[in-house]
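This report describes how two chains meet. Please look over the sequence and the structure before reading on.

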2 protein chains.
Amino acid sequence: MPNQNTPSHRVTSFEVAERAGVNQSTVSRALSGDSSITDATREKVRRAADELGYRVDARAARLRSGKTRTLAIVVITKPDIEATQINPFHYNLLGSVCAAASEKGYQSLVSFQSVEEQFYGDFVETRQADGVILIGTSTNDAAWAHHRALLEREDVASWGSPYVDHRRVDSDNRAGARMAVERLLAAGHRDLVFIGDTRQTQPQFRERFASFSDATREAGIDGGKAIFEDGETRGQQGRRSARTLIDSGRGFDGIFCSCDAMAFGALEVLRESGVDVPRDVGVIGFDGLGSGAHSSPPLTTVEPDFARAGVLLVDTALGLTKSGERRRAPVRLVERASVRTAT
Amino acid sequence: MPNQNTPSHRVTSFEVAERAGVNQSTVSRALSGDSSITDATREKVRRAADELGYRVDARAARLRSGKTRTLAIVVITKPDIEATQINPFHYNLLGSVCAAASEKGYQSLVSFQSVEEQFYGDFVETRQADGVILIGTSTNDAAWAHHRALLEREDVASWGSPYVDHRRVDSDNRAGARMAVERLLAAGHRDLVFIGDTRQTQPQFRERFASFSDATREAGIDGGKAIFEDGETRGQQGRRSARTLIDSGRGFDGIFCSCDAMAFGALEVLRESGVDVPRDVGVIGFDGLGSGAHSSPPLTTVEPDFARAGVLLVDTALGLTKSGERRRAPVRLVERASVRTAT
DNA sequence: CTGAAAGCGCTTACAG
DNA sequence: CTGAAAGCGCTTACAG
């Protein structure tokens with residue numbers, strides 16, 4: 001049972017050394033697992049440390065060793081929103097990154113950044129981390145602009161960045177869009193529409209649209225232009241886009257949404273307009289949000305392999321990836337109820 | 001423009017001192033904002049630092065100053081689940097805690113812990129943090145058991161812990177349950193049922209049930225016993241509980257669910273059983289999950305003030321709360337569509 | 001296999 | 001207002 005000593009006094013390795021009858025450097029070696037230390041000595045040191053309630057001071061150890069064993073994770077959010085309004089996708093990614101970092105023996109220093117005063121990315125320079133990972137909404141231009149220089153660095157990885165292509169990690173957007181189109185075709189749908197934000201700054205959505213266009217063209221179908229109406233939230237964008245689509249008079253029986261959050265909004269408008277999903281129209285989203293299981297109807301979606309995404313992000317920030325390695329998390333189709341059974 | 005010098009060389013405060021023509025201690029004071037330094041000196045030092053691309057080494061600064069300015073946040077999850085399966089409530093809380101910590105000038109060291117090998121709470125002992133905050137699922141007994149001793153400490157705060165009452169932060173469960181009952185009554189419902197996990201280890205759900213019972217009794221209604229069936233996930237528990245309720249033959253026209261995740265499951269079963277929500281039965285959840293906006297029907301729920309919850313957790317871990325202060329985040333009713341308009 | 005010494009890069013009394 | 005010195009608590013060559 002650890003003896004806590006005087007609570008106000010921090011016991012150092014010198015005191016452990018004294019009690020164990022060894023040199024302070026031996027304490028350090030014994031406790032850090034140095035293989036040159038004999039079992040007997042290590043045991044003696046361990047006991048002394050336990051009795052004194054000694055723990056290595058991580059700050060001192062890291063200063064001396066020059067390592068941090070920490071990864072900084074920056075989650076970019078929109079200004080003025082509550083934690084409940086953050087797209088669950090970013091939380092899922094955050095969880096996956098923390099898990100992957102932990103798996104590699106790294107700690108995660110997390111910060112949510114939305115406004116100027118919070119923008120901070122100098123974790124490596126100030127020796128707080130060995131690398132930084134940027135994730136979050138691609139709609140906060142100021143935040144990404146602030147971190148733009150960072151994105152070029154070898155010890156930085158990002159997801160959702162509107163810039164840079166070579167160090168950006170992402171879902172396999174092309175494969176995902178193709179899966180969606182194929183699933184819609186299999187259900188007998190032919191008039192397919194893409195709803196999503198393909199503005200210049202959104203590489204991932206542009207990739208999804210490009211692949212959607214390719215896949216429809218190959219099937220002898222005209223997928224047409226992407227439908228998108230701006231709005232405060234992805235949900236509102238989905239609602240407005242679906243409304244525009246309906247009002248346009250353009251015939252459609254299948255929708256591929258660039259992300260689940262927009263799909264939820266679209267689903268609402270479709271229902272309000274008396275369109276039966278999946279009978280009249282099939283809808284497929286992208287992101288694999290867990291809440292899609294409870295939407296009305298439950299949303300069929302393209303889900304990235306989050307665990308793999310976390311590993312890709314961590315490996316990239318740590319410089320562990322082979323050059324030329326593809327930074328795309330594989331995707332799979334999660335079948336729920338927004339597309340009718342294949343005919 | 002910062003001159004990066006030789007990339008492999010880390011520039012120290014000594015070099016900045018030399019270039020600025022001052023003592024190294026003056027560099028430290030100037031850069032840390034010490035008020036005794038004149039503006040002219042500070043400016044001179046700043047310029048030299050910028051030119052050399054100098055940044056203070058946080059490890060050294062913290063070691064010397066004895067501070068960490070860091071809070072450790074432990075998120076307890078269930079073993080063997082993906083990041084997408086974690087209850088969004090915990091993510092929302094995590095985001096709120098990080099925001100509150102940042103607001104107070106603290107960094108957040110985050111770890112997700114689900115299995116034995118990951119259990120670690122010695123952040124203060126190893127001088128990695130000034131306090132620790134434990135949140136996450138209350139269903140991982142092994143994790144909470146491991147951290148049990150921690151929970152008694154002054155520098156530790158928790159949410160969702162099955163143990164200890166005095167330092168546990170939580171929603172104002174009693175007020176929330178009362179709001180739910182009153183809303184159900186206002187819609188004209190009289191046969192109210194509580195669905196939720198009231199087993200010994202879940203203080204928050206027991207509080208919600210106790211208050212539900214009080215409020216129904218005061219209204220001259222017999223709220224009866226809590227309905228609960230176990231299951232792998234909250235969603236499955238909600239499904240099974242709703243099924244049991246229906247099969248029991250007990251008449252009901254209003255349901256208060258102990259958490260949104262269970263309410264989603266219940267909603268599904270109700271729909272499958274041809275029960276119309278909100279016409280035949282009103283349903284209210286607890287937690288304020290954002291995805292409730294897309295459920296079928298959208299879920300009326302009791303939402304805690306997340307921002308306040310984050311502040312309470314941080315203040316508690318930092319010892320900033322006045323003794324005797326109530327650690328309950330205020331709640332409000334988010335009106336959606338699972339309860340009909342008040343009559 | 002272990003000891004003695006140096007030093008990581010800062011902050012902070014202590015002087016003046 | 002600034003300088004000179006000490007020292008936070010470790011890790012790691014360098015010896016033997």
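## The contact between the chains

In this predicted model, chain A and chain B each bring 46 residues to their contact. The area buried between chain A and chain B comes to about 4,100 Å², and carbon and sulfur atoms give 55% of that area. On the side of chain A, the residues that lose the most area to chain B are A:Arg55, A:Arg59 and A:Arg127, which together make up 19% of what that side buries.

## Polar pairs and salt bridges

Across the interface of chain A and chain B, 17 residue pairs are in polar contact, with both residues at pLDDT 80 or more. The interface also holds 2 salt bridges. One of the salt bridges joins the side chains of B:Arg55 and A:Asp122, with 2.3 Å from N to O.

## What chain A supplies

Several elements of chain A each give at least two residues to the side that touches chain B: the helices α4 (58-65), α5 (88-103), α10 (260-272) and α11 (306-317), and the strand β2 (107-113). The largest share, 6 residues, comes from α5(A). By residue class, the side of chain A that touches chain B divides into 17 nonpolar, 16 polar and 13 charged residues.

## A sheet that spans both chains

Strand β2(A) is joined to strand β2 of chain B (residues 107-113) by 3 bridges, and these two strands run antiparallel. Within this pairing, A:Leu109 has B:Leu109 as its bridge partner.

The pair belongs to an open sheet of 12 strands with mixed pairing, in the order β10(A)-β5(A)-β4(A)-β3(A)-β1(A)-β2(A)-β2(B)-β1(B)-β3(B)-β4(B)-β5(B)-β10(B). Why is one side of β10 (328-329) of chain A and of β10 (328-329) of chain B left without a neighbour in the sheet? Both strands stand at the edges and have a single partner strand each, so one side of each has no neighbour there.

Elsewhere in the sheet, strand β4 of chain A (residues 156-159) pairs with strand β5 of chain A (residues 168-171) in the parallel sense, over 2 bridges. In that pairing A:Ser158 stands opposite A:Arg168 of β5(A).

## An annotated region of chain A

For residues 11-65 of chain A, an unreviewed UniProt entry gives the feature "domain: HTH lacI-type". In the model, this stretch of chain A, residues 11-65, is 71% helix and 0% strand. The C-alpha atoms at the ends of residues 11-65 are 20 Å apart.

Notes
Residues are numbered from 1 along each chain as its sequence is written. Chains are lettered from A and ligands numbered from 1 in the order in which they are written. This is a predicted model: local features need pLDDT of at least 70, side-chain atom pairs count only at pLDDT 80 or more; totals for chains, interfaces and linings use all residues. Side-chain values use heavy atoms; hydrogens and water are left out. Contact means heavy atoms within 4.5 Å. Buried area is the accessible area (1.4 Å probe) that two parts lose on being put together, summed over both. A salt bridge is a side-chain nitrogen of Lys or Arg within 4 Å of a carboxyl oxygen of Asp or Glu. A polar contact is a pair of N or O atoms within 3.5 Å; within protein, one must be able to donate a hydrogen and the other to accept it, and residues adjacent in sequence count only if both atoms are side-chain atoms. Helices (H or I, at least four residues) and strands (E, at least two) are DSSP runs, numbered from the N terminus. Ala, Val, Leu, Ile, Met, Phe, Trp, Tyr, Cys and Pro count as nonpolar, Asp, Glu, Lys and Arg as charged, and the others, Gly among them, as polar. Two strands pair if DSSP finds at least two bridges between them. UniProt positions are given in the numbering used here, feature names are shortened, and annotations may be inferred rather than shown by experiment.
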